[in-house]
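Me: I would like a close look at one part of this model, the salt bridges. Please take the sheet with it.

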Amino acid sequence: MFHKILIANRGEIAVRIIRACKELGILSVAVYSEADRDSMHARLADESVCIGPAASAKSYLNIAALMAAAELTDAEAIHPGFGFLAENAEFADIVIESGLVWIGPTPESMRIMGDKVTAKKKMEIAGVPLVPGSDGAVETIEEAKAVVKKSGFPIIIKASAGGGGRGMKIVHSEASLANAFSMCKTEAGAAFGDETVFIEKFLEEPRHIEVQVLGDTHGNLIHLFERECSMQRNNQKVLEEAPSPYLDSETREKICAAGLAAARAVNYVGAGTIEFLMNSDKSFYFMEMNTRIQVEHPVTEWITGVDLIEWQIRVAAGDKLDFTQDNIKIKGHAIECRINAEHPFKFTPSPGTVELYHAPGGRSVRVDSHLYTGYKIPPHYDSMIGKIITHARDRKKCIRRMQRAMDELVILGVTTNQELHQRLLANPGFQKADFNIHFLEKWLRQMRL
Ligand code: MV4
């Protein structure tokens, strides 16, 4: 096992990884920007190194500074967390070439999945269902028109190097196709340095369901069931749950098998997530694979009993999974509410000093957060300041427990989305699990009338 790990991240996820290191008897190195000098992750780690000014580009994205910090502290491995450099294959290459261990999949898996056109080709060969659309990249407007002739409107044009909702254009009619096509290409070139785009039929009211997988370096690969992630706004998930209340056991088996096939196709090692879109008839399609740990991993940990961060570290150290697929059973229901420092209905960021923080507690409530009373939330980073996760025997009890936890939570000094969660948890559509990816945005629009 490793002696010391450097965590190339900040905030809640850095704290989560430091906690896992401590439980494994591994020393941790935190890196922090000048704006994060007094942050929880810098305090909790065994050692902390300042890697630059507040701007992410000069600190948490600064590969040279991160490698220098690893060298200086004699760290043997780097955990990237999520966001920042977590899906940057060049960074993974540099880590490995420097003789350190990358706690994540191979750079090759990351490159294949990072390029959506390449990923879809792999998935097709692996027999994973794909959204009907173009056969690979679409180079010209004539080609785009030919694709549309077959699939009909609406369509979605996606940047091959995009993902997570970045670099997409929905097109409803022939009249706007040419313009959208050239704009999407140009924007993809500017944002990702790659103008490659492809086209899919636009699914109008799908759910977003994703499958968690975990692989080791000995050829073992398992799935840890699915998460329901449809409750989102502006491509940012707000509340996630596991298992999906929408799936029957037959559909669950199919989508989890598809997730496994997707991961196997790239010889996946570590923790990964395969995102699917699911129609109301329960047909589902591969969307993309995230080659990192995700924000919502705790709901999967709770229903399966598997510590995903611990296993990311252990498989990176060469350990074999010490359980098989048959050992993994869904136990109860888990929900995660993301707490953001933002206006609950306008969604404008709300940085500043936390005058009082009181975390909820009691039975089956987990809080993953870097918050403390007196903490100054810097304006430079993501507005997520923590996650509340609850577990119970069934979904109804889990919602009740989350309502109870949400009522206990006190954060003063900054505004948070606590009230949004309280209203959402009481919403009949949410309670009946009758929603798709547009539910939250539609509901917010209605509320503001
Ligand atoms: C889609 C889609 C509908 N049809 N693709 C958004 C995130 C990125 N991973 C792909 N996304 C979508 N792709 C087809 N063919 C709708 C979305 C989408 C979405 C998907 C999941 C969760 C939230 C979403 C919000 C807007 C659009």
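Me: Which side chains meet in a salt bridge at 2.7 Å, N to O? Start there, then work outwards.

Reply: The model is predicted. The side chains of E241 and R395 meet in that salt bridge, at 2.7 Å from N to O. E241 sits in strand 11 (residues 236–242) and R395 in helix 12 (residues 395–408), so the pair ties together parts that are 154 residues apart in sequence. Both ends are hidden: E241 is buried, and so is R395.

Now R292 and E87. Their side chains form a salt bridge too, at 2.3 Å from N to O. R292 belongs to the loop between strand 13 (284–290) and helix 10 (297–304), while E87 belongs to the loop between strand 4 (77–79) and helix 4 (89–97), so this bridge links parts that are 205 residues apart in sequence. R292 has 21% relative accessibility and counts as partly exposed. The cut-off for buried is under 20%. E87, at 36%, is also partly exposed.

R111 and D93 make another pair, with their closest N and O atoms 2.6 Å apart. R111 is in helix 5 (residues 107–114) and D93 in helix 4, so the parts tied together are 18 residues apart in sequence. R111 is partly exposed at 38% relative accessible area. D93 is partly exposed at 22%.

Salt bridges also join into a network. Its members are E210, R227, K237, E240, E296 and R338. The count of salt bridges in the model comes to 28.

Next, the sheet. Three strands form an open sheet in the order 7-6-8, with antiparallel pairing. Strand 7 (166–171) and strand 8 (197–201) are the edges; each has a single partner strand, so one side of each lacks a neighbour in the sheet. On average, neighbouring strands here are turned by 25° against each other, direction ignored.

Take the two pairings in turn. Strand 6 (residues 155–163) runs antiparallel to strand 8, and five bridges join them. Here I157 stands opposite I199 of strand 8. Strand 6 also pairs with strand 7, again antiparallel and over five bridges. In this pairing K158 faces M168 of strand 7. The hairpin of strand 6 and strand 7 has two residues between the strands, and G164 takes a positive phi near 60° in it.

A helix completes this part of the picture. Helix 6 (residues 116–126) lies across strand 6 and strand 8, running at about 105° to strand 6.

Conventions. Residues numbered from 1 in each chain as written. Predicted model: local features only at pLDDT ≥ 70, side-chain atom pairs only at ≥ 80, totals over all residues. Heavy atoms only, no water. Pairing = 2+ DSSP bridges. Helix = DSSP H or I, 4+ residues; strand = E, 2+ residues; numbered from the N terminus. Axes fitted to C-alpha atoms, helices over the stretch in contact; angles between N-to-C directions. Contact = heavy atoms within 4.5 Å. Salt bridge = Lys/Arg side-chain N within 4 Å of Asp/Glu carboxyl O. Buried < 20%, exposed > 50% of the residue type's maximum accessible area, 1.4 Å probe, protein only.
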